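Got the viewer open? Here's a short walk through the model, one selection at a time.

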Amino acid sequence: MEGHLNLTLKIWRQKNANTAGKFETYQVSGISTDMSFLEMIDVLNNRLIEEGDDPVAFDHDCREGICGMCSMYINGRPHGPNRGVTTCQLHMRSFQDGETITVEPWRASAFPVIKDLVVNRSSFDRIIAAGGFVSVNTGNAQDANNLPIAKDDADEAFAAAACIGCGACVAACKNASAMLFTSAKISQLALLPQGKAEASKRAQAMVAQMDEEGFGACSNTGACEAECPKGISLENIARMNREYFSATFSSK
Amino acid sequence: MAWLAKSLHSSLGKKLLMAITGLFLISFLVIHCGLNATIFLNDGGVAFNEGAEFMGTNPIIRTMEIVLFGGLLLHIYDGLRLWLDNKKKRPVAYAVVDGAANSKWYSRSMGLLGTLLLLFLIIHLKHFWYFSRLTDGLASHTLYAEMQAVFTNPIVVIVYVLGCISLGYHLLHGFQSAFQTLGWNHPKYTPTIKSIGAIYAIVISAVFAAMPIAFYFHLIH
């Protein structure tokens, strides 16, 4: 049928963090090519609920590519075959009729599975809490133009701040490293004058937390950058290294 | 110095150690390759043997030889430590991984390439370093003559060529990766670093691979 797909889905089902999971195979038919990948899972879940089965648990929120919740590792790649998109922005026209699609959760010891495709990404929150902030004086806000910031720096900081914390970098990395995420969160502050006050402690604290959470080291394969839905650059990792080691060697 | 030890034990510190030792070994390869390439002068090994004599007797070079082994062992130790650490970070493996979609195979295989290089290096050191430093073989004939003798065996030649291919891919990723780890990623320099790295990896591995091949096919005498 033109515009409609029949698909075989191999989906990871796992009751909770303490039980081992396994793949279950489902057939779905008459899937419109205009559907998003999540809507296709919705169709499957509707059927599972009607049949009295447990629907597939998955994270989603905005469904417009900006929240970073829809973590799915599809056919060997985070967020599926297209670059620069989250799963909700992946449409079924990217698949062929009769295709078998394998869907897995992000796999990393620092992202334990909560249920099925839902993983716990609070390790990211703890990395930010360790140093991803600036101290602001109370009282009236000063005039915005008091701090001259070069347009290029502002743009670069903004590009780093585009990180939505989805975890695709960790999912794509062979070492389950969170360096692209952590470096983006360090860079968005390191590039601006407001971030200078805590600079000597920020990278140290955030990297220490990243290590403690159980993320891996960086092999510079560039897989994270290639799979990032927001195009976060590897330059941020180099900047994090500079921030970290300049603090290591110069802080008191 | 506890601050330094702590930093070097972090994920970033282990990578820094990898980059620094890697660049040190890269600098060594230039000397090793340059000196050995004198065999292509086809002067019956006169220039090569002079160079080998200098490298084997000069006290500064002999001291650097110890530093070199130290750097090599540190690179191996750190690489193994990173590999073991990183393996633990994904206890449940993916069923399907499309690695080619987002990265080069050799960038994901540095541990494997490094292990192949280590195996090759053991054979290589046995052939030439052990011969020239720990036996009195040099009394009977030169290192050049030893090369001629070793490279008559086709299996040895194949092993050396495979070793050089592993080296080429290891360097192809390692060269530019070391600069990235050192934080040297800049629109002005990074394209140049990547180009130099690619040229370096190809030239070094090709020149090294040409040596056993040239001896085996009697292209040099």
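How many bridges join strand β1 of chain A to β5(A), and do the two run parallel or antiparallel? Select residues 4–13 of chain A, which is β1, together with β5(A): there are 4 bridges, and the strands run parallel. Keep in mind that this is a predicted model. For one concrete pair, pick A:Lys10, whose bridge partner in β5(A) is A:Thr102.

Now widen the selection to the whole sheet. You'll have 5 strands in an open sheet of chain A, ordered β2-β1-β5-β3-β4, with mixed pairing. At the edges sit β2 (22–32) and β4 (77–78) of chain A, each pairing on one side only. Add helix α1 of chain A, residues 37–50: α1 packs on the sheet, touching β1 and β2 of chain A, and its direction makes about 105° with that of β2(A).

Next stop, the place where the chains touch. Here 38 residues of chain A are in contact with 34 residues of chain B. On the chain A side, the elements giving two or more residues are β5 (100–104), α6 (199–213), α7 (223–227) and α8 (235–250). Colour α8(A) specially, as it gives the most, with 8 residues. By class, this side of chain A has 16 nonpolar, 13 polar and 9 charged residues.

Finally, hop to chain B and select α6 (110–134) and α8 (143–150). Their axes come within 11 Å and cross at roughly 150°, in a right-handed crossing. Show side chains for B:His127, B:Phe128, B:Phe131 and B:Ser132 of α6(B), plus B:Leu143, B:Glu146 and B:Val150 of α8(B); these make the contact. The tally by class is 4 nonpolar, 2 polar and 1 charged.

Technical notes:
Residues are numbered from 1 along each chain as its sequence is written. Chains are lettered from A and ligands numbered from 1 in the order in which they are written. This is a predicted model: local features need pLDDT of at least 70, side-chain atom pairs count only at pLDDT 80 or more; totals for chains, interfaces and linings use all residues. Axes are lines fitted to C-alpha atoms, for helices over the stretch in contact, and angles run from 0 to 180 degrees between N-to-C directions. A crossing is left-handed if the near helix is turned anticlockwise from the far one by less than a right angle, and right-handed if clockwise. Two residues are in contact if their C-beta atoms, placed from the backbone, lie within 7 Å. Ala, Val, Leu, Ile, Met, Phe, Trp, Tyr, Cys and Pro count as nonpolar, Asp, Glu, Lys and Arg as charged, and the others, Gly among them, as polar. Two strands pair if DSSP finds at least two bridges between them.
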